[in-house]
Amino acid sequence: MKVLKKNMPKRLAAQVIYRDALYLVRILIECFMMVRVAINGCGRIGRCIIRVLFETGLNKNICLVAVNDLADLSLNCHLIKYDSTHGIFTKDVVSRADRLTIDETDVRYFNESNPAALPWGELGIDVVLEC
């Protein structure tokens with residue numbers, strides 16, 4: 001993955017992050033037929049991975065099962081839907097109790113600061129992306 005330079009323009013940096021997220025998703029598909037993924041940390045890179053999965057249709061091969069982030073669920077829904085660099089996400093994003101629903105796909109949402117306390121094993125997670 002390309003290293004971001006300190007003085008790189010914001011738009012170019014965002015394009016590099018989005019491209020790297022797409023590259024990571026393609027590697028996962030090549031390694032597994034169907035993979036269950038969790039994202040730990042839903043910052044800019046985590047949100048880019050979510051967008052790549054659903055905008056390209058790769059969510060049929062890579063099942064996003066859970067997201068863990070310390071931010072409020074409704075705030076993350078808004079940040080996924082409306083990105084200042086990538087624009088408006090074309091899929092529906094809704095928060096319901098402890099779930100994030102993206103285009104009719106339910107994703108568990110956790111606010112856990114201790115990664116050891118997360119139920120990745122119980123949820124059958126194959127890969128956790130630390131974003």
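**Chat about a predicted model: rings, sheet and core**

Mentor: Let's start with the aromatic rings in this predicted model: the count comes to one aromatic pair.

Trainee: Nice. Which rings are in the pair, and how are their planes set?

Mentor: The partners are Phe110 and Trp120, with ring centres 6.1 Å apart. Their planes stand at 85°, over the 60 degrees needed, so this is an edge-to-face pair.

Trainee: Where do Phe110 and Trp120 lie?

Mentor: Phe110 is in strand β7, while Trp120 is in the loop between β7 and β8. The pair therefore ties together parts that are 10 residues apart in sequence.

Trainee: And is Phe110 buried or exposed? Same query for Trp120: buried or exposed?

Mentor: Phe110 has a relative accessible area of 13%, which is under the 20% limit, so Phe110 is buried. Trp120 is buried too, with a relative accessible area of 13%.

Trainee: OK, switching to the sheet. What is the strand order?

Mentor: It's an open sheet of six strands, ordered β5-β6-β7-β2-β1-β8, and the pairing is mixed.

Trainee: Which strands stand at the edges?

Mentor: Those are β5 (93-96) and β8. Each has a single partner strand, so one side of each has no neighbour in the sheet. From one strand to the next, the twist averages 25°.

Trainee: How do β6 and β7 run, and how many bridges join them?

Mentor: They run antiparallel, joined by four bridges. If you want a spot to look at, find Ile102, which stands opposite Thr105 in β7.

Trainee: What about the helices? Which strands does α2 lie across?

Mentor: α2 lies across β1, β2, β6, β7 and β8, and its direction is at about 155° to β2. α3 lies across β5, β6 and β7, running at about 175° to β5.

Trainee: On to the core, then. How many residues are in the largest nonpolar core?

Mentor: That core has 30 residues, and those touching the most other members are Val37, Ile50, Leu53, Leu64, Val67 and Leu100. Elements giving two or more residues include α1 (10-31), β1 (35-40), α2 (44-55) and β2 (62-68). The largest share, six residues, comes from α2.

Trainee: Let me follow up on Val67. What does Val67 touch?

Mentor: Leaving out residues up to four places away in sequence, Val67 touches Ile39, Cys42, Ile50, Val107, Arg108, Tyr109 and Phe110. There is also a second, separate core of eight residues, which includes Leu118, Trp120, Leu123 and Ile125.

Trainee: Great, so Trp120 turns up again, in that second core. Thanks!

Definitions and conventions:
Residues numbered from 1 in each chain as written. Predicted model: local features only at pLDDT ≥ 70, side-chain atom pairs only at ≥ 80, totals over all residues. Heavy atoms only, no water. Core = buried A, V, L, I, M, F, W, Y, C linked by side-chain atoms within 4.5 Å. Buried < 20%, exposed > 50% of the residue type's maximum accessible area, 1.4 Å probe, protein only. Contact = heavy atoms within 4.5 Å. Pairing = 2+ DSSP bridges. Axes fitted to C-alpha atoms, helices over the stretch in contact; angles between N-to-C directions. Phe/Tyr/Trp six-rings, centres within 6.5 Å; stacked < 30°, edge-to-face > 60°.
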